[in-house]
Amino acid sequence: MTKLGTSDLEVSRLCLGGNVFGWTADEETSFAVLDGYARAGGTFVDTADSYSAWAEGHSGGESETIIGKWLRSCGNRDGMVVATKVGMLTGMDDLKAATIERAAEDSLRRLGVDHIDLYYAHRDDPDTPQEETLAAFDRLVRAGKVRHVAASNYTAERLTSALAVSEREGFAKFVALQQAYNLVDRSYEGELSRAVADHGLSSAPYWGLAKGFLTGKYRPGVAVESARAVGASKYLDERGLRILDAVDEVAGNHGTTQAAVALAWLAEQPTVAAPIASARTAEQLADLVPALDLELKADEIAALSAASRV
Ligand SMILES: NC(=O)c1ccc[n+]([C@@H]2O[C@H](COP(=O)([O-])OP(=O)(O)OC[C@H]3O[C@@H](n4cnc5c(N)ncnc54)[C@H](OP(=O)(O)O)[C@@H]3O)[C@@H](O)[C@H]2O)c1
């Protein structure tokens with residue numbers, strides 16, 4: 001378990017991504033994935049009001065609804081840290097106070113909980129004053145509807161200014177940042193990770209598996225059946241192959257999966273509390289959960305970092 005940034009939340013070293021629930025995983029399969037994750041010791045689930053509005057016939061909230069049903073069925077709501085987000089659902093895709101108030105009520109209802117443990121601004125909204133956004137988040141915290149607030153997809157500059165506004169106004173502060181980061185995309189390292197470190201925040205990086213690429217299933221000449229194949233297969237270049245070679249070798253050393261190695265590498269990076277990854281089936285999940293306690297050696301971490309250097 002690891003403490004999340006400046007919050008009092010203790011989370012497992014792997015966060016389960018929820019964008020598949022109701023999208024590429026139906027309700028029964030989603031329950032099997034969630035059951036498997038909890039059984040393996042996972043305690044941190046990530047979703048958003050907008051999941052999975054991009055799918056045909058969906059309007060958003062499908063993932064939260066499934067997670068809510070699952071929380072009720074397993075009777076262990078307090079054992080889970082539930083994170084959701086506001087600000088990207090069509091028609092509610094801003095961070096105005098009225099949007100945040102309405103979206104929070106909708107998420108609480110769909111999740112069937114009386115509080116959200118971690119409530120993210122899904123992305124920055126440069127058209128709404130940060131004072132307005134942060135005051136709305138603060139009211140939710142004071143009302144006990146949200147335990148902690150966090151940012152996703154913010155620049156270093158906007159994250160820093162948001163923290164300064166909260167400090168000045170006495171508002172609840174962002175405790176963590178969620179942004180893309182994995183062995184193939186290391187753009188987080190630098191200005192953004194420095195801002196997170198300087199303020200004592202943690203990172204919960206998404207696309208921990210580079211949309212499936214780091215499971216090792218994308219190889220030259222192999223056709224992959226996946227809704228993410230277009231996004232993931234773009235990593236299959238010279239550097240991508242070098243990364244896969246390094247991941248294969250470390251996975252071989254430990255008798256574990258490529259996915260677990262990629263996630264364990266991420267969990268070891270400065271500021272990272274818990275990488276986020278999703279699984280479409282319980283079988284896929286079985287490849288991810290060894291990351292909950294896989295310890296890589298220093299030379300293995302260095303070899304993976306070297307292979308992925310741009
Ligand atoms: N804040 C944001 O803006 C933002 C953006 C994106 C994601 N997120 C969060 O981060 C989470 C993770 O991102 P993600 O789900 O998009 O990408 P990801 O975790 O990098 O990739 C997960 C996908 O890889 C494939 N996979 C997983 N395990 C596998 C295995 N053992 N064998 C083969 N394939 C496997 C599955 O897709 P297929 O089987 O379909 O190939 C799975 O859905 C999301 O669920 C969401 O909670 C947040």
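In this predicted model, the shell around the ligand draws at least two residues from β10 and at least two from α10. Of these elements, α10 stands out, since the largest share of the shell, 3 residues, comes from it. In total, 29 residues surround the ligand, and the closest are Asp46, Lys217, Ser226, Ser278 and Arg280. Sorted by class, the shell comes out as 13 polar, 9 nonpolar and 7 charged residues.

A few polar contacts can be picked out. On the side-chain front, a nitrogen atom of the ligand sits 2.9 Å from an N or O atom of Asp287, and a ligand nitrogen is also found 3.4 Å from an N or O atom in the side chain of Tyr51. Gly212 joins in through its backbone: one of its polar backbone atoms is 3.4 Å from an oxygen atom of the ligand. As for how well covered the ligand is, it exposes 900 Å² when taken alone, and the protein buries 94% of that.

Where does the ligand sit? The space it takes is the largest pocket, which holds about 950 Å³. This pocket is lined by 42 residues, and those closest to its centre are Asn19, Trp23, Trp207, Arg228 and Ser278. Ser278 thus turns up on two lists, being among the residues closest to the ligand and among those closest to the centre of the pocket. The elements that each give at least two residues to the pocket lining are α9 (258-267), β10 (276-277) and α10 (282-288). Here too α10 leads, giving the most to the lining with 3 residues. The class make-up of the pocket lining is 18 polar, 17 nonpolar and 7 charged residues.

Now for the enclosed space. Searching the whole structure turns up 1 cavity of 30 Å³ or more, and the largest cavity contains about 50 Å³ of space. Its lining takes in Leu95, Asp124, Asp125, Thr128, Gln130, Thr133, Leu134, Tyr154, Arg158, Ala162 and Phe174. Two helices, α4 (130-142) and α5 (156-169), each supply at least two residues of this lining. The largest share, 3 residues, belongs to α4. By class, the cavity lining splits into 5 nonpolar, 3 polar and 3 charged residues. Asp124, Asp125 and Arg158 are among the residues lining this cavity, while Lys217 and Arg280 are among those closest to the ligand.

How values were computed. Residues are numbered from 1 along each chain as its sequence is written. This is a predicted model: local features need pLDDT of at least 70, side-chain atom pairs count only at pLDDT 80 or more; totals for chains, interfaces and linings use all residues. Side-chain values use heavy atoms; hydrogens and water are left out. On a 1 Å grid over the protein atoms alone, a cavity is a set of points where a 1.4 Å probe fits but cannot get out, and a pocket is an open set with protein on both sides within 12 Å along at least five of seven lines; lining residues have an atom within 4 Å of a point. Grid points are joined across faces, edges and corners, and a volume is the space filled by probe spheres set on the points. Helices (H or I, at least four residues) and strands (E, at least two) are DSSP runs, numbered from the N terminus. Ala, Val, Leu, Ile, Met, Phe, Trp, Tyr, Cys and Pro count as nonpolar, Asp, Glu, Lys and Arg as charged, and the others, Gly among them, as polar. A residue is near a molecule or strand if one of its heavy atoms lies within 4 Å of it. A polar contact is a pair of N or O atoms within 3.5 Å; within protein, one must be able to donate a hydrogen and the other to accept it, and residues adjacent in sequence count only if both atoms are side-chain atoms. Accessible areas come from the Shrake-Rupley method with a 1.4 Å probe; for residues, only the protein chains shown count as cover. A molecule sits in a cavity or pocket if more than half of its atoms lie within 2 Å of its grid points.
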